[in-house]
Each structure stands twice: as C-alpha cells, then as structure tokens.
Amino acid sequence: MRPPSRLPTPESRGRHARGWSAALTGLPAVGGAVFLVLLVLPMLSLVIRLPPGDLLSRLGQPLIVQALRLSLETSIVSTMAVTILGLPLAHLLAMRQFPGKRLLEVLIDLPMVLPPTVAGVGLLLAFGRAGTLGRALSALGVTIPFTTLAVILAQMFVAGPFLVNSARAGFEEVDTKYLRAAATLRASPAYTFLRIVLPLSLPSLVAGAAMTWARALGEFGATITFAGNFPGRTQTMPLAVYEALQSDVDAAVALSVMLLLVSAGLLLTLRTVSAAPRR
Amino acid sequence: MSIRATTLLLALALAGAGGLAGRGAQAAPSPSPIEVFAAASLTEAFTALGKIFEAEHPGERVTFNFAGSQQLAVQIEQGARADLFASADQRWMAYLKTRGLLLGDPVIFAANRLVFIVPRSNPGKISGLADLARPGLKIVVAADAVPAGHYLRQALARLSMAPGFSFGFGQQVLGNVVSEEENVKAVVAKVQLGEADAGGVYRSDVTSTVSDKVTVLDIPDPYNVIAAYPMAILARAQAAKGARDFGRFIVSPLGQQTLRGFNFLPPP
C-alpha cells in the first residue's frame, strides 16, 4: 500500500530538498549566463553585422586611421600622466591617516559618478578661456578648449580615479613587515617605495592602468563638450563613431569593431603580462 | 571601503532599475502619449506648443525627443517608437520617405534663417560678418550631416560671391572652424560660454535666455539659406490620431503665432 501522495515521506522530502538546493545552485549559474549574454551579445552583434571584406575595405579610410591614431595617442598619454600624478595620491591614501581623508576619497571618486557631459562643462568652466583657471592661462596665451590637450585632460578627469583607487588597494595589500624590515635596515623611503612597495603592488597598478586606459579610450561626453569635434585634432574614435552613426550606420559599426578589436588586443596583452609568474 | 562602495553602487543601480520598471508599469493604463521626434532647433518652440496643446486637449499627452534631425531619422529607421517627425531639413525627411517610413506626405510648417552669434564679451573682436575670415579666430559650426551645418556651408559659399567679401571668404571661415558639433544647440552652448569667438546657428536659437549673452550677426537674405521645416506622421505611429491633431495645431493660427514668438519664419 502506497501512502497518500500528499503526505511527505522522508524520501520525497529529501527529493524536495535536493530540488531546492539544485535550484539554489542552478540559479547563480542562470544569472551568470543571463549577465554574460547581456555583456557579450551587443559586442558580438556588432562584429557579425558586416562581412569581413566590407569591414576591411572601410578600415583603411584616412578619417578612421586618423581617429584611431588620435585615440591611441591621447589615451596612452593620459594614462601615463594619470599614473605619474596619481601614484603619490594613492600612496598617501594607503599609508596615512589624516583629517579630511574621507572627503578626499569622495572627491576622487566623484568624477566616476558625474555624467561625462557635465564633466565636460566643468572642465570648460575651469580651463576654458573664460574659466576660473583658464582666464589666467589665456592671459599667458594658452587656450585649452578645442585642442588635443583638452582631449587628454578630459580623459584624465574621467579615468584618473580608476588608477588611484586600484593603486591604493595594491599599496594597502603590501605586508607591513617588509616595510618595517626595510626601516630597520635604514632604507630610505624612496628606496623602500621603488624596491619593495612598487614591485609588490605591480599587479594592482597594471590592472588600474588598464582600467584607466580603457575608460580613456572610450571617453565621449566630456571630450565632445570640452574639446569639441574636429578630425585629426579632437575627433577620437568614440566621436567618429557618433558622427558616423548619424549618416551611415555601417560605417559606425566598422569603426566600433575596430575599436573593440584594438581594445581587446591591448587588454588581453595586459592581462597576460600581469598574470605572468614573476621571479 | 571599495567593497562597500561597490555594494552601494549596486544598490543604487537596482533601485534605479526598480524605479524605471515602476514607471513603466504606471504609464501603461493612461492613454499612450504622442511621441514627437523634433529637430534640436525646435526644442523651446515645440515644448511651448506641447504645453498649449495639452491644455487645449485634456487627456492628451505629448512627449518630445529633441536631437539633430539626422540622428532622429536614424533612430526612427532603427525602430524607435515615434508618431510625428519634425525635421530641420527635407533631406532627412526624404531619407525616411524613400524607406517607406512615412504615413502620407510631409507638410512644411515653419522656416528658419541662419545667423552668426558672437559672445557678448566678444573675445575675437568681431564687428561684422567679414571679420569671420580673420585667421586665428575660433569658430564653431554644426557638422555637415546636421542640417544647420549643411545650410551654413551653403550660405558661406554664397557669401564668397557677395560684394564686400573676398572670393575665398567661405574657405577662410571654414579654416577657422575648431569644432564641428553634433547639433546646433551645442554650438549655442560653446558661444554662450565664451569659448568660441563665433558660431553659426539658426535665428530661432537666439532664445530669450540666450539673447542677453550673445550678439547676432545677420546674414543678408540673398545669401542666406532659408531652412524649411517639414513634419510627417510616421508609418509605425501608435498614436496617429493624436499626432495628426498635434500637427493640425502646429499649422493653426495659434500654433503659427507661437512659432513666430520663437523667431521662426512662416513657411515659404
């Protein structure tokens, strides 16, 4: 005689529990898959829209080459500048406690939250000809808006926080016993930084630089607002994509695929380099 | 700190998504609004027209998407939901017509003329149109794909033949261009902020909020390009009746009078 099916038997309860736990372990997998589709599908759709021959023939156009070159040059310069100027700040935040530290942290994070167009207006109001600092600069004969320098400044503003935060996390992870040992051996702070802190936090620095560079490469809103749009001078790839999108969707797609490929290549290289075992 | 910041950001993002979803759910029961895609230069005038229309037609709601005509045309082509399209030139209306995306023929409802504007502070010391050719000036125009930019290039070519202007005038002015903006309002912004020495825009862009910050340099009529603004109901319109009512209102005496108030010209 079988018990009525409504009553839970120990084994059915077990099945039930197993079902739940299967669902609970399955759920994150499904969530992950959904997220992956959301991330990958748009990029894949861009890549497969044009036949490869069509894509190749568009990529040689001088306007595209010019925009790509400008994008690479400006994003590399801004990443280097942010690294040089950002490391002392990251070091300070990682190693010292001081009044107003919270405020400084928030100030450094804010550019990541600010809509890039607003960032562009802010840059104009600061470094523009009539701006708070720009007025003085312009008296010296230096005008920044509509120049390649403006493109670099816009990239530094929006992408810089990524480097500072990542480098700071790297510095914080350095075991203090090494620093104490160095201090006992009377190593100068500069020596300690260059020979101990920097090598130990290199993976974080590389990751931070990669994030900064990627964000700089994709910068659009602050650039078009602060630097304007002029081929060869301020028209970076994202601006060229935007302009192309308004008249020729396929040209915009070709440009985007180009940008995707270059970025994928460089990010992959950086990942490989930073993951390589060090002796 | 960084994990907490990430959690906070995630929470904010989810709250934002929830808010959006909630809005969508709320909007469903009320009648669908009339979606109007209109050229950036129509921003102020159409916003005012929409308010008057809604007051006259209780229950109707008009929502706007303002951007460069070329951008709107591409959005519509790519399947954006829109009921009425008002373009700053015939080129982008024709673009949609040849793709079978219009319901019926476009109607010209207004016209506009081009002017140059100079910041009140006049950093480039420009006193007339002829000064625009002086080397070293920073001039901002709309890109050629933008109707205003396209017309401006035509007007500059015509001015090159005008008495009092050098034959290379147009090329010299274009040589001073430091930025090709994606819509005409961005040109206004850069002149208003004093970053550009001059910019080419529509007369209607010199709105009451702008007029005390810039000086207008008129381009004489024989050399000016008069932009005709066409509008049309779209083939995929979901609120075609409401869109038609709004279109009729725009060409009505009250609608036309409102447009005049925003410095638009009557249809040629």
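Helix H7 of chain A meets helix H10 of chain A through a long list of residues. On the H7(A) side these are Gln155(A), Val158(A), Ala159(A), Gly160(A), Phe162(A), Leu163(A), Ser166(A), Ala167(A), Ala169(A) and Gly170(A). Their partners in H10(A) are Ser204(A), Leu205(A), Ala207(A), Gly208(A), Ala209(A), Met211(A), Thr212(A), Arg215(A) and Ala216(A). Contact here requires C-beta atoms, placed from the backbone, to lie within 7 Å. By class, the contact of H7(A) with H10(A) has 11 nonpolar, 7 polar and 1 charged residues; Ala, Val, Leu, Ile, Met, Phe, Trp, Tyr, Cys and Pro count as nonpolar, Asp, Glu, Lys and Arg as charged, and the others, Gly among them, as polar.

This is a predicted model, in which local features need pLDDT of at least 70, side-chain atom pairs count only at pLDDT 80 or more, and totals for chains, interfaces and linings use all residues. Residues are numbered from 1 along each chain as its sequence is written, while chains are lettered from A and ligands numbered from 1 in the order in which they are written.

As for geometry, the axes of H7(A) and H10(A) (residues 202-217) come within 8 Å and cross at roughly 165 degrees. H7(A) is therefore roughly antiparallel to H10(A). Angles under 35 degrees count as roughly parallel, over 145 as roughly antiparallel, 65 to 115 as roughly perpendicular and the rest as oblique. Axes are lines fitted to C-alpha atoms, for helices over the stretch in contact, with angles running from 0 to 180 degrees between N-to-C directions. The crossing of H7(A) and H10(A) is right-handed: the near helix is turned clockwise from the far one by less than a right angle, and anticlockwise would make it left-handed.

H7(A) (residues 148-173) also packs against H4(A) (residues 101-113), at about 130 degrees and with the axes 8 Å apart. That pair is therefore oblique, and H4(A) passes H7(A) in a left-handed crossing. Ile108(A), Asp109(A), Pro111(A) and Met112(A) of H4(A) meet Phe157(A), Val158(A), Gly160(A), Pro161(A) and Val164(A) of H7(A). Of the residues in the contact of H4(A) with H7(A), 7 are nonpolar, 1 is polar and 1 is charged. Helices (H or I, at least four residues) and strands (E, at least two) are DSSP runs, numbered from the N terminus.

Between the chains, the contact takes 20 residues from chain A and 19 residues from chain B. H7 and H12 (237-245) of chain A are the elements giving two or more residues to the chain A side, and H12(A) gives the most, with 3 residues. That side has 10 nonpolar, 7 polar and 3 charged residues. For the complex, the predictor gives an ipTM of 0.73 and a pTM of 0.78.

Over in chain B, pLDDT (the predictor's confidence in each residue, from 0 to 100) averages 88, and 88% of the residues score at least 70. Confidence is lowest in H1(B) (residues 2-27), at a mean of 44, and highest in S3(B) (residues 84-86), at 97. Across residues 5-29 of chain B, pLDDT stays under 50, and the model has 1 contact beyond four places in sequence for them. Where pLDDT is low, the predicted coordinates should not be read in detail.

Two non-glycine residues of chain B have a positive phi: Asn122(B), at about 45 degrees, and Lys125(B), at about 50 degrees. Asn122(B) is found in the loop between S5 (114-119) and S6 (139-142) of chain B, and Lys125(B) is in the loop between S5 and S6 of chain B. Asn122(B) is partly exposed, with 14 other C-beta atoms within 10 Å, whereas Lys125(B) counts as exposed, with 10 C-beta neighbours inside 10 Å. A residue is buried if 20 or more other C-beta atoms lie within 10 Å of its own, exposed if 12 or fewer, and partly exposed in between.

Technical notes: Two residues are in contact if their C-beta atoms, placed from the backbone, lie within 7 Å.
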